[in-house]
Amino acid sequence: MIKIVRARLHQGHQTTTYPSQVPRLPERFRGKLELSPEKCPDGCAECVDACPTGAISGAGRADLKLDLGRCIFCTECVEACPVKAIAYTSEFRMSARTREALVVRDREAVLAEALDRKIRGLFGRSLKLRQVSAGGCNGCEVEVNALSNVVFDLGRFGIQFVASPRHADGLLITGPVTRNMKLALEKTYAAVPAPKLVIAAGACAIAGGPFIGMSSVHDGARSTVPVDLFIPGCPPHPLTLLDGLLRLLGRVEGRTGLSSHQDRGDPNQA
Amino acid sequence: MTTAASGALIGNGEAVALTAVPVFQFPDFRGRVIGGVAEGGHLKALFGWESGGPRTLTAVIGHGATGRIEVFSSPLPSEFEAITPDCPQAHMFEREIAEQFGTVPRGHPWLRPVRDPLGHGDFFSVSGEEVHEVAVGPVHAGVIEPGHFRFQCHGEQVLHLEIVLGYQHRGIEAGLRGGPHRSTLFQMETAAGDTCVGHATAYSRAVEGLAGVEVSATAHAVRAVALELERIANHVGDLGALAGDVGFLPTAAYCGRVRGDALNLTTLACGNRIGRGWVRPGGVAFGVEGPIGTGIVNGLRKLRDDLRSGGGLLWRDSTVLARFEGTGPVARSDGESLGLVGVAARASGVERDVRAEFPYEPYRTLALGTAVRESGDVHARAFVRWLEVEQSVAYAQELIAGLPSGPLRSSPGPLRADSLTVSLVEAWRGEVCHVAITGPDGRLAAYKLVDPSFHNWSGLALALRGQAISDFPLCNKSFNLSYCGHDL
């Protein structure tokens, strides 16, 4: 027992400061991409040709767009671009409520809006999710698992992953939805009592990821169920997942962090 | 036994012309697989492929004692005498061949599809008084990948466990024909996403072998740092998960966090927690020079101290030891005959480790010991991980301290036509085997991936025999196998 206590003292306090403070991630961290279309030489399409998932379109100044939902954050476009018109930032916040909102054209932020007031009243302080991996490679799954460790400590916000869809308020889906998992996903969705939420986490669940267009996958969760929140990444950083979930519930707003709904909120956030 | 000639002998990652790979008639091919394994070889891969011409069956046997890899082929018959009854290491491979080509290995003991869970047919069933069946999955209670487990039980005791996978099948191998494509490297990284560096390294080495390109000593060292960081993160995570499964919360909590520290060191180097985009054909995209290297060395020192403090509790706590010791044992003879690899093999006394048997740079010049236990139970599988984390921490630190300066990346260029290469990497779960075959146009005619989980799921099934069904989660964690790595 004394050894356990000594180990506890050695380990100290480890929980992240987010959302009360925005943590700094390493310089090389590959977060949300920023575009500077004004730098694009006319007719250049190096980034479009290099992208393995077809996430970039309209290169050559006119209409450069990057779809964070298709993006697997792999560096191919950044390396291919001769004028540094595409760059990584250390911004980990980039979830969205609609598929269209994930398409970036310049340096604007992508931040998910909260659910409407009525649904927030139901789930705002207690959200139970069932996770379904539908062809996920265990990249997203391990990062979702990390949310429950002492660093990210999802439980302090009343969010929890539960063992049965019958106990859940929604699904968090990873993977491109393989042919062999479609039926199981449909059944799991049907087993969740309404009203229910669906979160698509990671490039595969949003648009198929590196498997986009392959005949044995369905290019993401939207093929099978309606989606309320998209969280990009390959895999998403746990902070990206955490930020997306908290924004959905209206617990975090704007760029600097805390929500104006604090009065309804969680005492632990203070 | 057989007197058939042996196959072509190559080194790990070395390319050979297809014309130099002997083609036997099937009876001789069968005899050579059985003979090669009987000599102490390990069946790394056995697969069918076709590329315009007739269907071919190719075997890859690793001879750990000599460090040579033997390759030979046969025309694939539509029906043939199964190899499995004389060589159990072939059992999953023959099921796979039957599923993919509609061929019939006559006399195979359990010829079910490998990746078609919905068309699996009847399960193995046991009948008798008070014998009952428990069905679990594909969607499990935890945040893990899907698979179906069918237990035949007598009371609490498991008589037989049948594992039905394939839910995660994304068709990676089929999609590689005619490649490499723009998405190929990224599909390799996500073949088993927790083994990103392992599969990316195996793929890159296969491409480099076929392209005949030299990779710098710097890139070799950085890749090994990446691979060992991947091993550290996953092993530490597994130790925490094992602690959680026996209700020992201090280590569960500390290891969950320390695992994250290893992932953060990977982020420091390459910008992604699980190493996406770090390893590239021709080298690496990110180095570990200067402050990055110092950060990793210091971070690893702290990680090791934290792990010794928080993880070391496991080996002194009687409640933990009572649950770990004697649970889910796999005998050494079973480990050998099933061809188990990695942590699961080494925990059963089978010294199988690519880094020692088929070393490439830097493992060739800077050797790393092999951690082995004999008891084959949950405790052994946990303790091998514990020992390996210590080794990997010291190894990565040593590599960074002696990091040679040089280019990070060279351009691989086109692949040699009509050639074959075998690339083996000891990833954290065990060996990853990639076999790449090019056609006359220098494009991939066939590509075979064997994740360690393909060998090891049968080990888990065997470990459960005679155990309490309530120990399944613990046994399962002690293997912690990949579903998508099996299903690809």
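Student: What makes the pair Glu76(A) and Arg280(B) a salt bridge, and how many salt bridges does the rule find across the interface of chain A and chain B?

Tutor: In this predicted model, the rule finds four salt bridges across the interface of chain A and chain B. For Glu76(A) and Arg280(B), the closest N and O atoms lie 2.5 Å apart. The cut-off is 4 Å between a side-chain nitrogen of Lys or Arg and a carboxyl oxygen of Asp or Glu, so this pair qualifies.

Student: How many residue pairs are in polar contact between chain A and chain B, and which elements of chain A supply at least two residues each to the side that touches chain B?

Tutor: There are 35 residue pairs in polar contact between the two chains, counting pairs with both residues at pLDDT 80 or more. On the side of chain A that touches chain B, helix 1 (2–11), helix 2 (46–50), helix 3 (76–80), strand 6 (127–133), helix 5 (139–146) and helix 6 (182–191) of chain A each supply at least two residues. Helix 5 of chain A gives the largest share, seven residues. By class, that side holds 31 nonpolar, 17 polar and 10 charged residues.

Student: What is the area that chain A and chain B bury between them?

Tutor: About 4,700 Å² is buried between chain A and chain B, with 56% of it on carbon and sulfur atoms. The contact takes 58 residues from chain A and 60 residues from chain B.

Student: Why is one side of strand 2 and of strand 5 of chain A left without a neighbour in the sheet?

Tutor: The sheet is open, with three strands in the order 2-3-5 (chain A) and antiparallel pairing. Strand 2 (56–57) and strand 5 (103–104) of chain A stand at its edges with a single partner strand each, so one side of each has no neighbour in the sheet.

Student: How do you know that strand 2 and strand 3 of chain A pair?

Tutor: Strand 2 of chain A and strand 3 (residues 65–67) of chain A share two bridges in the antiparallel sense. Pairing needs at least two bridges, so the two strands count as paired. In strand 3 of chain A, Leu66(A) is the bridge partner of Ile56(A).

Student: What makes Arg99(A) and Asp67(A) a salt bridge, and where in chain A are the two residues?

Tutor: The closest N and O atoms of Arg99(A) and Asp67(A) are 2.7 Å apart, within the cut-off of 4 Å, so the rule accepts the pair. The pair links distant parts of the chain: Arg99(A) lies in the loop between strand 4 (86–88) and strand 5 of chain A, whereas Asp67(A) lies in strand 3 of chain A, 32 residues apart.

Student: Which domains does the assignment give for chain B, and how many residues does each supply to the contact?

Tutor: The assignment gives domain 1 (8–106) and domain 2 (183–451) of chain B. Their contact takes 30 residues from domain 1 of chain B and 31 residues from domain 2 of chain B. Between them these domains bury about 2,300 Å², 63% of it on carbon and sulfur atoms. Asn12(B), Leu18(B) and Lys44(B) supply 26% of the area that domain 1 of chain B buries against domain 2 of chain B, more than any other three residues.

Student: Why are Lys448(B) and Glu96(B) called a salt bridge?

Tutor: Their side chains meet at 2.8 Å, N to O, which is within 4 Å, and therefore they satisfy the rule. Across the interface of domain 1 of chain B and domain 2 of chain B, the rule finds two salt bridges.

Definitions and conventions. Residues are numbered from 1 along each chain as its sequence is written. Chains are lettered from A and ligands numbered from 1 in the order in which they are written. This is a predicted model: local features need pLDDT of at least 70, side-chain atom pairs count only at pLDDT 80 or more; totals for chains, interfaces and linings use all residues. Side-chain values use heavy atoms; hydrogens and water are left out. Helices (H or I, at least four residues) and strands (E, at least two) are DSSP runs, numbered from the N terminus. Domain bounds come from an automatic or database domain assignment. Contact means heavy atoms within 4.5 Å. Buried area is the accessible area (1.4 Å probe) that two parts lose on being put together, summed over both. A polar contact is a pair of N or O atoms within 3.5 Å; within protein, one must be able to donate a hydrogen and the other to accept it, and residues adjacent in sequence count only if both atoms are side-chain atoms. Ala, Val, Leu, Ile, Met, Phe, Trp, Tyr, Cys and Pro count as nonpolar, Asp, Glu, Lys and Arg as charged, and the others, Gly among them, as polar.
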